Amino acid sequence: MNEAPGAEELFFLPLGGTGEIGMNLNLYGHAGAWLMVDLGVTFAGPNSAGVDVLMPDPAFIEERRDALAGLVLTHAHEDHIGAVGHLWPRLRCPVYATAFTASMVMPKLIEAGLADELEIIEVPMSGRFTVGPFEIELITLTHSIPEPNALVIRPAAGTVLHTGDWKLDPDPLVGDNYDEAALRKLAEEEDVLAMVCDSTNALVDGDSGSEAEVRESLMELVGGLENRVAIACFASNVARVETAAKVAQAHGRRLALIGRSMHRIYAAARDNGYLTDLPPLVAESDVGFLPRGEVLLLCTGSQGEPRSALWRIANDENPQVTLEEGDAAIFSSRIIPGNDTAIFKLQNHLVRKGVEVITDDDHFIHVSGHPAREELVQMYQWVRPRIAVPVHGEARHLAEHARLAQTCQVPEQIVGENGTLIRLAPGPAEIVDHVPTGRLALDGNRLLPVDSHVLRARRRMSYNGAATVTLVVGADNLFQGLPIVTAQGLLDGEDEADKLALIAEGVVEALRRLPAVGRADDGAVKEAARIAVRRAFFRMLGRKPVTDVHLVRLS
């Protein structure tokens, strides 16, 4: 797309989070301006070349940042805010968020050295504000974190409801309930052009369940356990944190938070008026002084993350907190696709220690933060949009969501993916273009495209190992002694040193076959040595390592 959006046009363009779950980045284009909604990350799975965090490549909007009116954050989950500290310097636009979400973003800005450059504009719950040509109203919904908001976006071309992540929880325990009246009023007073809506649980029948039901079930479950109990959950689920505190109090236990994320969320919640009526926490350093039946641990690590709190406890790497035979570990969360192996590995490790592992296969101890089919139907009945635009889901979720919207008598459904430019107005909804998209990987303290040479080479090394050859050539272009060959991830120490000697001799033979003019050419020498090493390793081991050749020429 080369031209700016026209005054009569309204475009929707996802750059992340459509066709996948995570790293949300959505754009609305109208009257020469763009509005960004959310800027998140996702966590890399196995075989990620040492990279933990991925985020959408904002190149499209970065090239048009003079037209970027602002960024609005719907709520404080990492897949919606996690990239702000990394990508904002490329965008440099105003950022809008409610107080709790702003509290969660601020540490990221401090860490990135942006606290003095970026001042988040705080918006009250149910607030109204203007970003360029976009009039915006917040509608309170419920989710698995405080202050989730749907956005009513009102450009001149038509009204859009962007739901963000949501569910219809009749008793969310922490934070306000969903604002049914505002949703009904929206449809009664306006012709809603489109609803851009969460598709995560479009394949799940019924409703998502309530946090109050989880509290009741955990209350009963923990009451039947005698020794030390650890609960692993998503740190951002503030209602689950409150539940753990209430459960501990009811059963004569003291609650200890284990893991930095737990403490960070707890502090942000209290700063914004949540979790203020709970009994004092017990410090991690004091856990060991309490009888085993008088403590409840609330830990990070429900997804089996290496170095998380529960992982360190299971591997006896926490000097102050242990789990022993007869204790219990409750996984109060769902398995995020891709994390299965890590979670099962952690659970098996706990079982080998004699710890009872309890999951949602055994007890009702978790509810999703996303709408199941009945909730989606209810939302369509309230809002009555002309166009359904499923987002926040894989292809199968989006397709099923579109079918469900059709049964709800929504006249138009349009399914896209990252990079799909959808014209919502004027005329029927239509995919009019595709823009380039990509992913950036946080590699240490730098951002790299996931298909960069660095990460491709690292992935090749992880599969095939690496070898280095050092050659010394005299002024007469004759080779001085045997090359030095070293290998990483290929040979088993000194027991296979003889293989390196054979490979070095093979390099010499390959170089001797070079004509005299070739020996004077650094490029030709290096390439001949590289090919000889790779072929030798392939004959011996069936591997073609990433090979680097160092050539030293003597004057």
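I started with the contacts of asparagine 418 in this predicted model. Leaving aside its neighbours within four places in sequence, asparagine 418 touches Pro14, Leu15, Gly16, Gly17, Thr18, Glu20 and Thr437.

Next I looked up where asparagine 418 sits. I found it in the loop between strand 22 (412–413) and strand 23 (420–425). Is asparagine 418 buried or exposed? Its relative accessible area is 19%, and the cut-off for buried is under 20%, so I put it down as buried.

Then I checked polar partners. The side chain of asparagine 418 reaches the backbone nitrogen of glycine 16 at 3.3 Å. A polar atom of that side chain also lies 3.4 Å from the backbone nitrogen of glycine 17.

I moved on to the open sheet. Its five strands run in the order 16-17-15-18-19, with parallel pairing. Strand 16 and strand 19 (356–358) are the edges; each has a single partner strand, so one side of each has no neighbour in the sheet. Neighbouring strands are turned by 20° against each other on average, direction ignored.

I looked at the strand 16 edge. Strand 16 (residues 254–258) has four of its five residues buried. Five bridges pair it in the parallel sense with strand 17 (residues 295–299). Arginine 254 stands opposite valine 295 there. From strand 16 the chain passes through helix 8 (residues 260–271) to strand 17, and I noted this β-α-β crossover as left-handed.

Last, I took the other edge. Strand 18 (residues 328–331) and strand 19 run parallel, joined by three bridges. Isoleucine 330 has isoleucine 358 in strand 19 as its bridge partner. Helix 10 (residues 340–352) lies across both strands, at about 165° to strand 18.

Note on methods: Residues are numbered from 1 along each chain as its sequence is written. This is a predicted model: local features need pLDDT of at least 70, side-chain atom pairs count only at pLDDT 80 or more; totals for chains, interfaces and linings use all residues. Side-chain values use heavy atoms; hydrogens and water are left out. Buried means under 20% relative accessible area, exposed over 50%, partly exposed in between (1.4 Å probe, protein chains only). Helices (H or I, at least four residues) and strands (E, at least two) are DSSP runs, numbered from the N terminus. Two strands pair if DSSP finds at least two bridges between them. A crossover is right-handed if, with the strands pointing away from the viewer, the path from the first strand over the helix to the second runs clockwise. A polar contact is a pair of N or O atoms within 3.5 Å; within protein, one must be able to donate a hydrogen and the other to accept it, and residues adjacent in sequence count only if both atoms are side-chain atoms. Contact means heavy atoms within 4.5 Å. Axes are lines fitted to C-alpha atoms, for helices over the stretch in contact, and angles run from 0 to 180 degrees between N-to-C directions.
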